[in-house]
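Here is a short report for a first look at this structure. Keep the view open while you read.

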Amino acid sequence: MNNLSKGQQQYLLKHRKHKRIVRISRILILLSFLFIWEFTANVGIIDSFIFSSPSKIALCFFGMLMDKSIFLHLGVTLYETILSFLLVIAISILVAVALWFSQKLSEILDPYLVVLNSLPKSALAPLLIVWLGATKTTIIVAGMSVAIFGSILSLYTSFTTVDPGKIKLIYTLGGSKFHALSKVVLPSSIPAIISNMKVNIGLCLVGVIIGEFLAARDGLGYLIIYSSQVFR
Amino acid sequence: MEQVLELKHIHYAYHTLEGETPALTDISFALNKGEFVSIVGPSGCGKSTLLSLISGLLEPEKGLIKINGKYLKESTTNVGYMLQHDELFEWRTIYSNVILGLEVQHMLTARTRQRAHDLLDLYGLRHFETSRPSELSGGMRQRAALIRTLVLEPELLLLDEPFSALDYQTRLTVGDDIGQIIRKEGKSALLVTHDLSEAISLADRVIILSGRPASIKQTIPLIFNLAEDTPLNRRNAPEFKTYFNLIWKELNTDE
Ligand SMILES: Nc1ncnc2c1ncn2[C@@H]1O[C@H](COP(=O)(O)OP(=O)(O)OP(=O)(O)O)[C@@H](O)[C@H]1O
Ligand SMILES: [Mg+2]
């Protein structure tokens, strides 16, 4: 690699330096946060009974590692979150595609989607239990309910804002509406789909934990409720 | 003479809730096989609309369009349409942009792939096959867009101001190049342009449209007395200026 010009070498050097600074800064922020937390809890500036402290958390975590209970709770929550996340992604892409295909359908359903999206899902979780029973399904549905409508709306919006010139090009090349979807709309919406996924994984976790608050015997949500009742 | 394209009494209007925008009124003309015709007209008069109608993207409200003697709907003739913007997809390489039409028409074979490579080579884009469109200059992008149209081996080419995004120098060379290639391959072409000198240096005939709603004001056949009829030689011929002034005057008179 000695045949790189000076300019290129400098560019690469600069790039590497930039990456390093980003990485180190990230770690520093985390460490200083943990340090300040631990420090203020120890000196008594904040009440460690309410705020806990990193060392206490680490100890408790270690204890749960030893008796392996953490794995059960983590695993259950992870499973439920990932399942509801995958379902949300698959269903919302399918529905957004259907809406994109039919202008009529999208106009008809638009007000319903907006209303469903703004419903207070956590307040409705108890209803879900009544309908579906206190099972894993309920928790997964609770996780999905938080994310799905917003996900459909945002995906559909990104589908409709695709450059009409690019869609026209597909038609000039003899393509069909299906080609417009597969060659233009989906590929150019990939950034939107990814950012949508990032939001949804968080929302699904929120939904799943709300579900676990109410209807579970395991999972992180159950653990939180249990701990807050015994104040540990 | 065999006619590739025939338009008879075409009318078209855009409809929106705000009202109706008539774009074309009573357009009739024909294009012979191998002929190169330029269309000039004021901005917004309906030139792109006319090409969209011929390519079948829009349907005329009145009138009929025939391609190779068949109605547009039944026609199997490949019509190549080059848009005002290159519309290259940034998420594809230049090569896969070029084969987009082949993909869509299920025509990807070893032979057509080879043709795509050959055309890229011919137009000096061989080393950019794996590049992204944003890495190319405006002229190169336009050439890639032309190749995307040409790999489909269209008999009739519709060109909608394909060179308008280029700087003057590239525009001359790319314009002349593309004009030569189209002639060499014996294709018929309809070129919409704002640039009168481009229209005159490339075409056999110039159709002048009136302002919106467009109708045909006049058709001017271009006859040059040249040993070698190339766009460059035309620009230097004495007839060039005469035609230029004629068309300019025609464009700027209100009937
Ligand atoms: N989708 C549309 N809906 C309504 N009106 C339209 C639409 N597309 C074009 N028009 C109108 O039709 C007229 C003709 O449009 P067109 O694009 O064919 O013009 P043009 O001659 O190609 O213009 P330019 O020289 O600027 O490319 C314009 O005045 C425009 O306002
Ligand atoms: Mg136009």
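## Salt bridges between the chains

Between chain B and chain A the count is 2 salt bridges. This is a predicted model, and every value here is computed from it. In one of the bridges, the side chain of E103(B) meets that of K183(A), at 2.6 Å from N to O. Another salt bridge pairs K166(A) with E87(B). There the closest N and O atoms are 3.3 Å apart. K166(A) sits in helix 8 of chain A, residues 164-172, while E87(B) sits in the loop between strand 6 and helix 2 (94-98) of chain B, so this pair joins two chains.

Side chains of opposite charge can pair when their charged atoms come close. Over all chains, a search of the whole structure finds 17 salt bridges.

## The interface of chain B and chain A

How many residues does the contact take from chain B and from chain A? Chain B gives 18 residues and chain A gives 16. The area buried between the two chains is about 1,500 Å². Carbon and sulfur atoms give 70% of that area. On the chain B side, E87(B), W91(B) and V104(B) lose the most area to chain A. Together they account for 37% of what that side buries. E87(B) thus appears twice in this report: in this group and in the salt bridge with K166(A).

Polar contacts are also found here. Across the interface of chain B and chain A there are 4 residue pairs in polar contact, both residues at pLDDT 80 or more. Two elements of chain B give two or more residues to the side that touches chain A: strand 6 (79-82) and helix 3 (100-104). Helix 3 of chain B gives the most, with 4 residues. By type, the residues on this side of chain B divide into 10 nonpolar, 4 polar and 4 charged.

## Chain A

Chain A has 11 helices and 0 strands. Along the sequence its pattern reads α-α-α-α-α-α-α-α-α-α-α. Why is chain A described as more spread out than a compact globule? Its radius of gyration is 24 Å, and the globule rule gives 17 Å for 232 residues; the value for chain A is well over that, so the chain is more spread out than a compact globule. Along the principal axes, the C-alpha atoms of chain A fill a box of roughly 70 × 70 × 30 Å.

Chain A is divided into domain 1 (6-63) and domain 2 (68-230). The C-alpha centres of these two domains of chain A lie 32 Å apart.

## Chain B

Chain B has 9 helices and 10 strands. Its radius of gyration is 18 Å, close to the 18 Å that the globule rule gives for 255 residues, so chain B is as compact as a globular protein of that length. Its C-alpha atoms fill a box of roughly 55 × 45 × 40 Å along the principal axes.

## The two domains of chain B

The domain assignment of chain B gives domain 1 (3-77 + 155-252) and domain 2 (89-153). Their C-alpha centres lie 25 Å apart. The contact takes 10 residues from domain 1 of chain B and 11 residues from domain 2 of chain B.

About 890 Å² is buried between domain 1 and domain 2 of chain B, with 72% from carbon and sulfur atoms. The rule finds 0 salt bridges across this domain interface. The count of residue pairs in polar contact between the two domains is 1, with both residues at pLDDT 80 or more. Helix 6 of chain B (residues 168-184) gives the most to the side of domain 1 that touches domain 2, with 4 residues. That side of domain 1 divides into 6 nonpolar, 1 polar and 3 charged residues.

## Two backbone details

Most residues other than glycine have a negative phi, and most peptide bonds are trans. Where is K68(A) placed? K68(A) lies in the loop between helix 3 (54-66) and helix 4 (69-101) of chain A. Its phi is positive, about 65°, although K68(A) is not a glycine.

In chain B, a cis peptide bond joins R212(B) and P213(B), with omega about -10°. P213(B) lies in the loop between strand 9 (205-209) and strand 10 (216-221) of chain B.

Definitions and conventions:
Residues are numbered from 1 along each chain as its sequence is written. Chains are lettered from A and ligands numbered from 1 in the order in which they are written. Side-chain values use heavy atoms; hydrogens and water are left out. Domain bounds come from an automatic or database domain assignment. Contact means heavy atoms within 4.5 Å. Buried area is the accessible area (1.4 Å probe) that two parts lose on being put together, summed over both. A salt bridge is a side-chain nitrogen of Lys or Arg within 4 Å of a carboxyl oxygen of Asp or Glu. A polar contact is a pair of N or O atoms within 3.5 Å; within protein, one must be able to donate a hydrogen and the other to accept it, and residues adjacent in sequence count only if both atoms are side-chain atoms. Ala, Val, Leu, Ile, Met, Phe, Trp, Tyr, Cys and Pro count as nonpolar, Asp, Glu, Lys and Arg as charged, and the others, Gly among them, as polar. The radius of gyration is taken over C-alpha atoms; the globule rule is 2.2 Å times the number of residues to the power 0.38.
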